[in-house]
Amino acid sequence: MGCIQSIRCKPKSFRDSVVVLDLNASIDSSPTVIDETSSVVLRYRTPHFRANARVEVPPVAAKETWTIGWIQACNHMEFYNTYGDKGMSSWELPDLRDGKIQAISDSDGVNYPWYGNTTETFTVVGPTKRESKFTVSMNDNFYPSVTWGVPVSDSNVPLLSSIHRDQSFTTWLVAINQATSETVVLQTVRWRMRLYIEVDPEKPLGQRAVLKEPVAQEQPQKLYKNEPIAANAMVKPNANDAQVLMWRPKKGDPMVVIPPKYSPAPVTRLASDT
């Protein structure tokens with residue numbers, strides 16, 4: 001409905017005018033691929049999570065700069081490598097594990113808070129006379145190396161018997177005003193990556209590991225109601241810098257194999273209530 005006579009129309013705010021024209025989020029249907037070419041480590045490559053969105057930004061009248069793109073946080077991580085009756089190694093995020101924080105940034109470690117700064121973001125510098133239409137996209141997968149032998153031993157005798165991994169993420173499509181830090185959550189996506197690999201270390205190299213589950217990953221969920229961004233998703237450290245590799249033997253005390261690169265003070269407030 002248009003303006004009535006002399007009543008002046010109030011222009012829509014950026015928050016009310018930016019439009020997500022289309023958004024797709026999926027995980028490739030291909031299964032996790034196992035690589036046994038190394039006599040030192042087993043490698044595996046999971047299918048990719050992919051997200052892309054077409055966005056329309058209205059003309060920006062003021063000298064404002066808005067960046068639109070993807071922010072991702074890890075909400076849950078289980079990553080256990082079992083070595084028969086010796087014990088297990090475990091990649092852990094201590095603050096997340098202990099419930100001190102609810103999520104941790106999964107930024108590239110350089111362009112906080114963004115997941116990346118190539119296809120993952122687009123910046124609109126005002127003033128602009130016309131609307132801007134563009135696509136922002138991201139992808140993510142796991143490609144780790146797991147030692148055949150116990151990681152705290154000098155021996156490389158193959159003892160690896162299984163790998164279990166279960167991680168959950170929240171991914172937000174977000175617009176941020178670079179001057180005021182006003183944050184607009186445009187879409188929230190949740191996704192999960194799981195795998196279980198069974199290993200027989202007695203078999204010859206190249207025949208040891210079998211992917212037991214899942215053959216196909218659960219597809220991501222686009223939420224009808226957006227979730228606020230946890231403050232820890234906006235700041236250092238990212239998950240790669242905060243993770244620690246533990247050795248948890250069947251007998252004896254656990255020990256740190258690889259310490260975290262960075263350890264934060266917990267932040268519990270929410271960055272946005274959008």
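**Entry 1: D35 and its sheet**

I looked up D35 and found R43 of strand 3 standing opposite D35. The model I am reading is predicted. I then checked how strand 2 and strand 3 run: strand 3 covers residues 41-45, and the two strands pair in the antiparallel sense over three bridges.

Next I asked which strands make up the open sheet and in what order. Three strands form this sheet, in the order 2-3-10, with antiparallel pairing. Strand 2 (33-35) and strand 10 (145-147) are the edge strands, and each pairs on one side only. I noted the turn between neighbouring strands of this sheet as 25° on average, direction ignored.

**Entry 2: the sheet 1-4-9**

I went on to another open sheet of three strands, with antiparallel pairing and the order 1-4-9. Strand 1 (19-27) and strand 9 (132-140) stand at the edges with a single partner strand each, so one side of each has no neighbour in the sheet. Neighbouring strands here are turned by 10° against each other on average, direction ignored.

I followed strand 4 (residues 49-57) along strand 9: they run antiparallel and are joined by nine bridges. As one pair to find on screen I wrote down R50, whose bridge partner in strand 9 is N139. For my own reference, strands of a sheet pair through backbone hydrogen bonds, either parallel or antiparallel.

**Entry 3: strand 12 and its partners**

Is strand 12 largely enclosed or left open by the rest of the structure? I found that 12 of the 17 residues of strand 12 (residues 183-199) are buried, so this strand is largely enclosed by the rest of the structure. I used the cut-off of under 20% relative accessible area for buried.

I then listed pairings of strand 12, taking strand 11 to begin with. Strand 11 (residues 162-177) runs antiparallel to strand 12 and is joined to it by 15 bridges. Within that pairing, I197 of strand 12 is the bridge partner of I163.

Strand 13 (residues 209-213) also runs antiparallel to strand 12, with four bridges joining them. There I found E198 opposite V210 of strand 13.

Strand 14 (residues 221-222) is joined to strand 12 by two bridges, again antiparallel. V189 stands opposite K222 in strand 14.

**Entry 4: S181 in the hairpin**

I went back to the connection between strand 11 and strand 12. These strands form a hairpin with five residues between them. Where does S181 sit? I located S181 in the loop between strand 11 and strand 12. The phi of S181 is near 70°, which is a positive value in a residue other than glycine. I noted this value because most residues other than glycine have a negative phi, and most peptide bonds are trans.

**Entry 5: cis peptide bonds**

I looked up the peptide bond from E213 to P214 and found a cis bond, with omega near -20°. P214 is placed in the loop between strand 13 and strand 14.

I did the same for the peptide bond from K236 to P237, which is cis with omega near 0°. P237 lies in the loop between strand 14 and helix 3 (239-242).

**Entry 6: to view again**

I marked three places for another look on screen. One is S181, with its positive phi. Another is the cis bond from E213 to P214. The last is the cis bond from K236 to P237.

Note on methods. Residues numbered from 1 in each chain as written. Predicted model: local features only at pLDDT ≥ 70, side-chain atom pairs only at ≥ 80, totals over all residues. Heavy atoms only, no water. Pairing = 2+ DSSP bridges. Axes fitted to C-alpha atoms, helices over the stretch in contact; angles between N-to-C directions. Buried < 20%, exposed > 50% of the residue type's maximum accessible area, 1.4 Å probe, protein only.
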